[in-house]
Number of protein chains: 2
Amino acid sequence: MTHRFWVAAEQLDGEIVHFSDEQAHQLRSVLRLRAGAEVFVFDGRSRVDRRVELTDAAHGRVMGEVPQAPEPRTRLSVYPALLQRDKFELVLQKLTEVGAQHITPVVTRRSLVREAPDERRYARWRAILREAAEQSGRGVLPELLPARPLAEALTSLYAQPQPDALSARDEALEPEACAIFAYEGERELTLRDALRERPTRVALFVGPEGGYTSEEVACARRAGAQVVTLGPRVLRAETAVLVASALVLSELGDLSW
Amino acid sequence: MTHRFWVAAEQLDGEIVHFSDEQAHQLRSVLRLRAGAEVFVFDGRSRVDRRVELTDAAHGRVMGEVPQAPEPRTRLSVYPALLQRDKFELVLQKLTEVGAQHITPVVTRRSLVREAPDERRYARWRAILREAAEQSGRGVLPELLPARPLAEALTSLYAQPQPDALSARDEALEPEACAIFAYEGERELTLRDALRERPTRVALFVGPEGGYTSEEVACARRAGAQVVTLGPRVLRAETAVLVASALVLSELGDLSW
């Protein structure tokens, strides 16, 4: 069992790793590791894990590097509808494991959760992404963007890049991109059909428990999204997000080495 | 919002539906439905939902029939490793939604949960399957088989049909079948490769949190299973089961209408 920790740039000081208080607690009291034990750290930027020997409960020394699991070639931006707390946390965890690159929570007409999450909630969500990346061997954390209403999220797909807003630029669809909108009322178009031009960027929208309204589907079509079916069985919202994301990445060759 | 209820054969008496005490409680106290309200019932055998008008809190009258969502053409038998309680319950729920036909919990070398579940646990698990089928619009409940050790489950794939044991026969692999074993140590063979002969029956094995041991992988190969990768990111056990099942069904055309 290898233990991996995400560290911020400032926690790496040459060969010396400064673990956070929380990490030091984890190392000492939960994992019961002592000086001399080996763990791995990654900083979300360099594409290697650093092999680290603990020198005391709060510090380690970099002993070498190992390559990380490759990131998906497909840049998958997922727009899941906000869900009740534990379900949305499950979505964040699973999207990190499977390989999403951006996650934008979306408020839809039938969302049971409508108020924008506060900063405390975002901090908790970022911790979930971090922990999921640590466990899944990912070297990069998905970028968590601010929640927005569906219409605004659809419009943003074609927004002009803002020179001072990296996130907005990252989100904007480039020509080789495609937007996919999963809708239980669709019967014809499958995810595979929608990906037949092998896009390198995919924006994927999945609705709340009660589904999208027909107005929302019309709005998605006007925005240029392809409306697809996930099949005859009605998947729960959190299941649909994970299944659709995995199918996109698999179809585009990102669930293989 | 439509409400669906699974009913046992004996709850259907001609046109009259006898709801169980639990269902009557649900109808009256949770859903707050009154006489005249419409619900749907299905019995897991006939391929229709019956449209039912409530006559009182515990009874209804069949008013018509509506077709059910089609079942997958692929007969997917999933062999998930036993996991800790909430994770395994999530697996059962998700496998029902996505369309598994048989589920056999498997005890593996690194399973944290090793003792065979008792009858109380099975009753709870069956309730989870039932509720997931009700919600997902499935007309058929997956068959939950007794937990067994991995070696025995692998051997059973090629067992001779037992004339008096329907489950054993259902489980046995027929010639058009294929057994797939998801292993994080595999780098070459993908699920898609493994399905290239378009099997109509698939037995899918997914391991516990700590993964399979190399002895278990060797045992699977000897049993004729194809050992596949789910890609470079390490999926949690419960994620891997759902992702692999959805990929199998999608690849074989069962996540479309």
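**Exercises: a parallel sheet and a chain contact**

In this predicted model, β12(A) and strand β14 (residues 226–228) of chain A pair in the parallel sense over three bridges.

**Exercise 1.** Determine which strands pair with β12(A) and which residues stand opposite each other.

*Solution.* Start with β14(A), which is joined to β12(A) by three bridges. In this pair A:Ile180 stands opposite A:Gln226. Next take strand β13 (residues 201–206) of chain A: six bridges join it to β12(A), and the two run parallel. Here A:Cys178 stands opposite A:Val202. Finally, check the surroundings of β12 (residues 177–182) of chain A: five of its six residues are buried, so described as mostly covered.

**Exercise 2.** Give the strand order of the sheet in chain A and find its edges.

*Solution.* Six strands form an open sheet with parallel pairing, in the order β10-β8-β7-β13-β12-β14 (chain A). β10 (143–144) and β14 of chain A each have a single partner strand, so they stand at the edges with one side lacking a neighbour in the sheet. For β10(A), the pairing is with strand β8 (residues 102–103) of chain A, parallel and over two bridges. There A:Ile103 stands opposite A:Leu144.

**Exercise 3.** Describe the side of chain A that touches chain B.

*Solution.* Count first: 29 residues of chain A are in contact with 29 residues of chain B, with contact meaning C-beta atoms within 7 Å. Then assign elements: α2 (85–98) and α8 (237–251) of chain A each supply at least two residues of this side. The largest share, six residues, comes from α8(A). Last, sort by residue class: 13 are nonpolar, nine polar and seven charged.

Terms used:
Residues numbered from 1 in each chain as written. Chains lettered and ligands numbered in written order. Predicted model: local features only at pLDDT ≥ 70, side-chain atom pairs only at ≥ 80, totals over all residues. Contact = placed C-beta atoms within 7 Å. Helix = DSSP H or I, 4+ residues; strand = E, 2+ residues; numbered from the N terminus. Nonpolar A, V, L, I, M, F, W, Y, C, P; charged D, E, K, R; others polar. Buried ≥ 20, exposed ≤ 12 C-beta atoms within 10 Å, placed from the backbone. Pairing = 2+ DSSP bridges.
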